[in-house]
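Q: Please take a close look at one helix in this model. Then work outward to the parts around it.

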Amino acid sequence: MNKTTMFYGAMLVVALVAPFVGYPLFLMKLLCFALFACAFNLLIGFTGLLSFGHAMFFGSAAYACAHAAKVWGWTPEVAILFGTACSAVIGAIVGTLAVRRQGIYFAMITLALSQMIYFFCVQAPFTYAEDGIQSVPRNKLLGLIDLKSDLHMYFFVLAIFVGGFALIHRIIHSPFGQVLKSIRENEARALSLGYDVDRYKLVAFILSAGLAGMAGATKTLALGLATLTDVTWQMSGEVVLMTLLGGMGTIVGPVVGAGVIVAMQNYLSGFGSWVTIIMGATFVVCVLAFRRGIVGEFEYRILKRRNGGH
Amino acid sequence: MSLHRTPAAVPRRFLREAVRRLACAAAVLPLAWAAPAQASLSDGVLKIGVLTDMSGPYSDFVGKGAVIAARMAIDDFGGRMFGKDIVLVEADHLSKADVGKNVAQRWFDVEKVDAAFELNNSSVALAVTALGRDRNRITVVTGAASSRITNEDCAPATSLHWVYDTHSLANVVGKAIVRIGGKRWFFLTADYAFGHSLERDTSNVVRAAGGTVVGGVRHPLDVGDFSSFLLQAQASKADIVALANAGTDTVNSIKSATEFGIPKKQRLVTLLLGISAVHALGLPAAQDLYMAEGWYWDTNDETRAFGRRFAALHNGRMPNAIHTGVYSSVSHYLKAVRTAGTDDTAKVMKAMHAAPVNDVFTKNGRIREDGLMQHDVYLFQVKKPAESKAPWDYLKLVETVKGEDAFQPLSQTRCPALLAKGRA
Amino acid sequence: MSEIFGVPVQALMGQLTIGLVNGCFYALLSLGLAVIFGMLNIVNFAHGALYMVGAFFSWMLLNYAGVNYWYSLILAPLGVAAIGVVIERTMLKWLYQLDHLYGLLLTFGLALVTEGVFRHYYGSSGQPYDLPEVFRGPIDLGFMMLPKYRAWVVVASLLVCFATWYVIEKTKLGAYLRAGTENPKLVQAFGINVPLMITLTYAFGVGLAGFAGVMAAPVYLVAPTMGSSIIIVVFAVVVIGGMGSIMGSIVTGLGLGLIEGLTKVYYPEASTTVVFVIMAIVLMVRPAGLFGKEK
């Protein structure tokens with residue numbers, strides 16, 4: 001436990017120093033996607049539900065937040081909360097439908113419903129379809145601190161990320177989280193123990209949707225735009241890949257996975273059409289040979305060595 | 001290349017052309033002499049970026065070809081500016097606005113790129129235009145068609161829009177078709193902002209020119225099968241079936257239209273279709289279609305020579321209007337830097353505005369106050385398979401529409417910066 | 001002239017016929033998915049990509065080898081089936097002991113790779129595949145002029161669908177298949193090579209997708225994205241029908257094609273979303289799907 005605290009402390013120091021070394025905008029994007037992947041992981045890694053439509057939460061919150069900040073001129077924290085609330089509401093509706101089926105059907109239903117949201121976003125006038133909502137202002141935090149500077153914005157994003165991450169950490173280690181894990185391990189047994197499984201799943205789903213929305217809303221303010229890219233099924237696929245690559249069911253795995261994928265997209269943009277192929281191939285390799293993911297594999301090795309030593 | 005010119009503007013033009021030719025021929029000679037004595041570059045080197053879609057849905061229309069065109073422009077300029085090699089960087093934005101904006105921001109903030117070109121797909125174009133305004137860097141949009149670039153989201157101090165916008169497409173097609181007898185129109189419109197504005201603009205033009213709109217149907221994006229909508233178009237008995245959609249949607253609607261025999265009784269008009277799409281469709285399906293274009297390779301000796309040169313570098317694919325637009329905008333930018341003697345944004349923009357655009361893309365093009373490059377636009381009809389003599393021999397000219405008639409008059413601008421200036 | 005809600009009956013009949021054509025593609029694809037799911041318990045996300053590959057194969061056969069439509073109607077699905085064999089033997093078979101979700105993830109990755117490769121080599125704007133000579137021109141159905149090729153799509157797809165249904169439900173081979181689904185160990189004990197059966201089932205399922213691709217090539221543009229745009233709709237179709245029965249997936253596919261056709265007349269703006277709305281309704285009323293059995 002002590003080691004864990006030290007690890008998180010070290011990570012926090014790195015995050016605090018990072019903007020002075022790296023490029024703040026890229027780091028903000030990374031943090032947002034990391035939070036998105038963590039939210040997704042709450043569902044797949046700790047509840048065993050594979051949602052193939054998480055882009056709908058990410059994207060709709062992005063649009064809601066952009067609209068609130070740009071058209072209504074809301075302050076950033078309220079705009080983000082509004083985006084989060086919107087995605088949680090959508091999450092409640094989608095979740096109610098989706099938890100009625102299990103496993104693969106669950107994946108297909110979420111995918112189909114997210115496609116429906118995508119079509120809605122194309123047609124709805126306030127999203128400006130393929131133009132997207134552009135030049136979204138960051139406004140003043142609490143009406144006081146101007147977030148125009150990338151450095152200010154970075155620390156705001158970092159605060160949101162840390163908050164979201166801590167919340168997820170708390171959920172996982174709470175009694176509620178334990179029930180979720182037991183559902184993942186054996187749904188029938190959890191049911192027979194008297195847990196209202198569907199209700200637990202639904203709550204987990206809403207939490208995950210809300211947090212994914214929070215990530216999307218924050219990304220919108222950080223980058224200043226909300227576009228259709230955020231709601232496409234490819235985006236849903238990307239977050240699955242981030243989590244799979246980093247390690248499903250590990251706490252920091254999604255953060256690592258998101259880092260790898262976002263960096264890949266930014267710095268390999270010279271690869272052109274190969275990016276999709278590389279992503280697909282990563283999927284295949286992960287599933288066939290690397291199912292624990294980067295962090296999962298790491299933890300497994302350490303655990304094995306420790307057990308072997310004794 | 002030929003020296004064929006309209007007589008009116010020969011002397012100045014000739015001189016200009018002669019200078020350019022000298023520059024081309026003297027690629028090895030340092031061009032610093034031609035520049036004013038105090039010529040300098042802020043960071044010692046002129047760096048331009050081509051940011052485009054190389055893997056997404058528009059990669060065939062822009063993509064690698066845009067980079068090739070920019071490279072050609074630099075080579076023709078002599079490759080050097082004030083004695084230093086001009087640097088060209090390229091990036092793929094994967095058709096994602098956030099990736100595009102991130103790359104452009106890195107270019108402007110860290111890599112000292114002086115100007116960004118192409119920027120296809122309107123979400124990327126708008127994002128990078130806004131960024132250019134913020135960072136005081138020149139951005140030139142060629143591939144995106146949204147008229148917001150020079151209206152609601154304009155940045156007249158830093159941004160240019162080169163090839164076309166939805167307004168000019170609607171205008172050219174509407175005016176020219178009504179003139180040649182297409183009076184009763186039916187619209188097949190993509191049900192989102194882009195399609196709506198295309199339909200609205202075109203209907204206004206059609207009505208103003210004396211035509212009528214007898215009906216229309218709105219289809220969602222990516223609907224796949226268009227036959228059902230085309231049956232409705234057929235039932236409307238309109239003369240003209242206008243396709244206010246883009247990309248695969250247009251291509252699929254044309255395919256189904258041919259299958260249902262629509263071109264036999266009614267005429268099919270596309271509002272946005274490049275020659276690359278005609279190539280994808282094949283002449284049997286695309287024949288007789290009307291389309292508006294800013295440029296076509298088989299127009300005169302100069303364009304043909306440019307087309308062949310480009311094709312030799314691009315797997316035999318002829319350039320489309322966007323590719324040539326990139327060539328034209330990069331050339332114009334380089335000339336302006338030389339004239340201004342600096343890469344300072346305001347001075348270069350001033351020089352770009354001052355000089356007419358005279359190159360393989362257009363003659364006597366003019367950059368307006370709102371950043372729009374105004375030039376002649378053409379209405380073409382796709383040839384029948386029997387008329388096509390060679391690969392890429394696809395279009396025949398129907399009408400030439402003068403720049404001032406094609407584009408939205410400056411008096412109707414919705415650009416806030418210009419409106420504010422007007423009021424002041 | 002009589003009208004139904006302001007639309008002439010004749011026009012309505014025309015639209016329904018068109019809807020049926022689209023329904024045929026849904027039926028062929030969801031049938032393939034159902035066959036694979038029944039035997040392997042895997043949702044084949046690569047189904048759309050393989051449908052695209054089928055269309056591209058027929059285009060390649062025509063353009064590189066001069067093989068006409070009729071031969072590619074056999075050859076292209078065989079080619080896709082061969083790819084299916086490779087995928088099943090080299091990748092899928094390692095996943096049977098794991099959670100079914102891994103099958104979905106793997107095939108999703110394969111779909112991305114396939115789409116990316118075709119986009120890299122053939123560009124994004126697609127390739128034209130001209131209608132075979134025989135099918136040019138329309139047939140007069142009395143209420144509409146139906147292009148001959150569309151009529152052929154309906155006839156051929158229905159034949160293939162019902163042949164598949166017959167083989168699986170009414171023949172001995174089908175009985176083995178169904179038994180293998182229920183209890184593979186027992187069937188193996190009877191001396192039947194279950195792994196081989198699984199491979200062939202997967203190959204057959206994706207072969208159906210390849211067949212649908214060939215059928216689609218002359219109607220739609222042969223483009224790398226043609227698979228991903230249809231597969232999500234087909235997933236919704238599968239959720240509505242429930243993958244339990246072969247006949248169920250055929251009927252649902254056709255039915256949704258018809259409903260979509262009607263939407264295009266009465267409320268065209270919603271024609272891409274109507275399938276998803278129906279899915280939501282079905283989930284509320286009958287979670288297991290129209291033809292599915294609650295497990």
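A: Start with helix α5 of chain C, residues 148–170, in what is a predicted model. α5(C) has 23 residues and reaches 32 Å from its first C-alpha to its last. That is close to the 33 Å expected at 1.5 Å a residue.

Next, its buried positions. Near the start of the numbering come Tyr149(C), Arg150(C) and Val153(C), which are buried. Ser157(C), Cys161(C), Thr164(C) and Ile168(C) are buried as well. What do these residues pack against? Within chain C, the partners are α1 (9–40), β4 (145–147), α6 (172–182), α8 (194–216) and α10 (246–266). Chain B adds its own α8 to that list.

That brings in the contact between chains B and C. Here 34 residues of chain B are in contact with 27 residues of chain C. On the chain B side, α8 (247–259) supplies at least two residues. So do β9 (212–219), α7 (227–235), α10 (275–281) and α11 (283–286) of chain B. This side of chain B divides into 15 nonpolar, 12 polar and seven charged residues.

Chain B itself has two domains. Domain 1 covers 7–164 + 300–371, and domain 2 covers 167–293 + 377–402. Their centres, taken over C-alpha atoms, are separated by 30 Å. Between the domains of chain B, 10 residues of domain 1 are in contact with 10 residues of domain 2. The domain 1 side of that contact divides into seven nonpolar, two polar and one charged.

Now turn to the other partner of chain C. Its contact with chain A takes 33 residues from chain C and 32 residues from chain A. On the chain C side, α4 (101–122), α9 (226–241) and α11 (274–285) each supply at least two residues. α4(C) gives the most, with 15 residues. The chain C side divides into 24 nonpolar, six polar and three charged.

One residue of chain A shows this contact in detail. Leaving aside neighbours within four places in sequence, Ala112(A) is in contact with Ile232(C), Phe235(C), Ala236(C) and Val239(C). Phe276(C) and Met279(C) are also in contact with Ala112(A).

Ala112(A) also has a place in the largest nonpolar core, which holds 350 residues. Along with Leu35(A) and Cys65(A), Ala112(A) touches the most other members. Helix α2 of chain A, residues 24–47, gives the most to this core, with 18 residues. Domain 1 and domain 2 of chain B both give residues to this core, so it lies between them.

α2(A) deserves its own look. It has 24 residues and reaches 34 Å from first C-alpha to last, close to the 34 Å expected at 1.5 Å a residue. A kink of about 35° is centred on Asn41(A). Of the 24 residues of α2(A), 23 are buried, so this helix is largely enclosed by the rest of the structure. Gly48(A) follows α2(A), and its phi is positive, near 80°.

Last, a residue that touches this region. Asp150(A) is found in helix α6 of chain A, residues 150–173. Leaving aside neighbours within four places in sequence, Asp150(A) is in contact with Pro24(A) and Leu25(A). Asp150(A) counts as partly exposed because it has 18 C-beta neighbours inside 10 Å. Met264(A) lies 114 residues from Asp150(A) in sequence and 22 Å from it in space, C-alpha to C-alpha.

How values were computed: Residues numbered from 1 in each chain as written. Chains lettered and ligands numbered in written order. Predicted model: local features only at pLDDT ≥ 70, side-chain atom pairs only at ≥ 80, totals over all residues. Core = buried A, V, L, I, M, F, W, Y, C linked by C-beta atoms within 7 Å. Buried ≥ 20, exposed ≤ 12 C-beta atoms within 10 Å, placed from the backbone. Helix = DSSP H or I, 4+ residues; strand = E, 2+ residues; numbered from the N terminus. Domains from an automatic or database assignment. Contact = placed C-beta atoms within 7 Å. Nonpolar A, V, L, I, M, F, W, Y, C, P; charged D, E, K, R; others polar. Expected span 1.5 Å × (residues − 1). Bend = angle between axes of the 7 residues up to and from the residue.
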